[in-house]
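Me: I should like a close look at one part of the model shown below. Please answer at length, and place that part in the setting of the whole chain.

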Amino acid sequence: MNMANIITLKATERTEFGKGPARRLRAAGQVPAVVYGQGHDPKHIVLEGHESMLALRQENQLLSIEVEGQSPVLALPKEVQRDVMTGFLKHVDLLSITSGQKVSVQVALRVEGESAPGTIVNTEFSEIDVEADAMSIPDALTISVEGLEAGSSILFKDITLPEGVELVDDPEAVVASVQFPDAEDLGDEDEADAEDESEEAAE
C-alpha cells in the first residue's frame, strides 16, 4: 500500500498559457500541470521538472502539492505526458483527493512462479482496474502460475484483492492462461538451439 508514502512537490501558480510559455517552462526545467477535483475549479500550476519526474516513477503515487500561501493539496496523477525521446515530463494532470475518498485506478499486475514443465504462460493484461481508498492504493497485485497445467486459466475474479479494494474489470475476463507451445514456437526454439550449437562448434 502507498498510504505511508506521500511525496511533497513545491509548485507555483501558472500565469501564462499557450504553447510558447509552455515551451519556455520546459526549457527552464519546469513542467506545466493542472489540478482537477470536485468542489474547485482547475488549478494551473508549475512543477519542478526533475523532482516531479522522480516522484512520478511510481504509478498512482500520492502527492502533496504545496503552493506558497495556500493549503497543501493531496493529489494523484491522472495523466502524465512524457517526451518520447528523453522521457522528460511535458505535462501532468492531477486529481485532488481527500482521505477516505474512493477512486478508480489501474494497478500493475505481476506474474510469479513457473507453470508445469513444457508449458508457457500467455498474459492478456498487465494492469487491473480497481476502486480503492485514495490513501490505500496497492502498488501492485500478484498472480501465481506456479505448477499450473496446460489448459488452466486465471480470471480477474481469481485475484486476491486487499481489504477495501474492489474489482472494476469484468470478473470473468481471462488474465493469464497456460498452454503448450505451438509448432511455430517450438521451431523457433529448435532454430535457436541449432544456432547456439553452430557457434560453439565454430569456437
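Is F156 buried or exposed, and what is its relative accessible area?

Reply: The model is a predicted one, and the description below should be read with that in mind. In this model F156 is buried, since its relative accessible area is 2%, and the cut-off for that class is under 20%.

F156 has an aromatic partner. The count of aromatic pairs comes to one. That pair is formed by F125 and F156, whose ring centres are 5.0 Å apart and whose planes make an angle of 55°, a tilted arrangement. F125 is found in the loop between β8 (120-123) and β9 (127-133), whereas F156 is found in the loop between β11 (153-155) and β12 (166-167), so the pair ties together parts that are 31 residues apart in sequence. The two partners are covered to unequal degrees: F125 has a relative accessibility of 35% and therefore counts as partly exposed, while F156 has 2% and is buried.

The strands that precede these two loops belong to one sheet. β8, β13 and β11 form an open sheet in the order β8-β13-β11, with antiparallel pairing. β8 and β11 are the edge strands, each pairing on one side only. From one strand to the next, the twist averages 15°. Between β8 and β13 (residues 174-179), which run antiparallel, there are four bridges; in one of the pairings, N122 has S177 of β13 as its bridge partner.

The loop that holds F156 also holds G164, which lies between β11 and β12. G164 has a relative accessible area of 40% and is therefore partly exposed. Apart from neighbours within four places in sequence, G164 is in contact with K102, E131, A132 and D133. For A132, the C-alpha to C-alpha distance to G164 is 6.2 Å, although the two residues are 32 apart in sequence.

Elsewhere in the chain there is a closed sheet. Six strands close into a barrel in the order β1-β3-β2-β6-β5-β4, with mixed pairing, and here the twist averages 45° from one strand to the next. Strand β1 (residues 6-13) runs antiparallel to β3 and is joined to it by three bridges; A11 has L47 of β3 as its bridge partner. β2 and β3 are also antiparallel, paired over six bridges, and Q30 has E48 as its bridge partner in β3. These two strands make a hairpin with six residues between them, and G39 in the turn has a positive phi of about 85°. On the pairing of β2 with β6, the two strands run parallel and share four bridges, with V35 opposite L94 of β6. Five of the seven residues of β2 are buried, and the strand is thus mostly covered.

Helix α1 (residues 19-27) contributes to this covered region. α1 lies across β2, β3 and β6 (89-96), and runs at about 120° to β2. The buried residues of α1 are P21, A22 and L25. Their arc around the axis is only 100°, which places them on the same side of α1. These buried residues pack against β2 (30-36) and β3 (43-48). The face turned away from the buried side carries the exposed residues K19, R23, R24 and A27. After α1 comes G29, with a positive phi near 80°.

Helix α2 (residues 49-55) holds S52. S52 counts as buried because its relative accessibility is 1%. Leaving out residues up to four places away in sequence, S52 touches L9, L47 and L89.

As to the chain as a whole, three helices and 13 strands are present. Of its 203 residues, 33% count as buried, and F156 is one of the residues classed as buried. Among contacts with a separation of 6 or more, 64% join residues 24 or more positions apart; the aromatic pair likewise ties together parts 31 residues apart in sequence. The chain has an accessible surface of about 12300 Å², and carbon and sulfur atoms account for 48% of that area.

Technical notes. Residues numbered from 1 in each chain as written. Predicted model: local features only at pLDDT ≥ 70, side-chain atom pairs only at ≥ 80, totals over all residues. Heavy atoms only, no water. Buried < 20%, exposed > 50% of the residue type's maximum accessible area, 1.4 Å probe, protein only. Contact = heavy atoms within 4.5 Å. Arc of directions from axis to C-beta. Areas by Shrake-Rupley, 256 points an atom, 1.4 Å probe, with all protein chains shown as cover. Phe/Tyr/Trp six-rings, centres within 6.5 Å; stacked < 30°, edge-to-face > 60°. Pairing = 2+ DSSP bridges. Axes fitted to C-alpha atoms, helices over the stretch in contact; angles between N-to-C directions.
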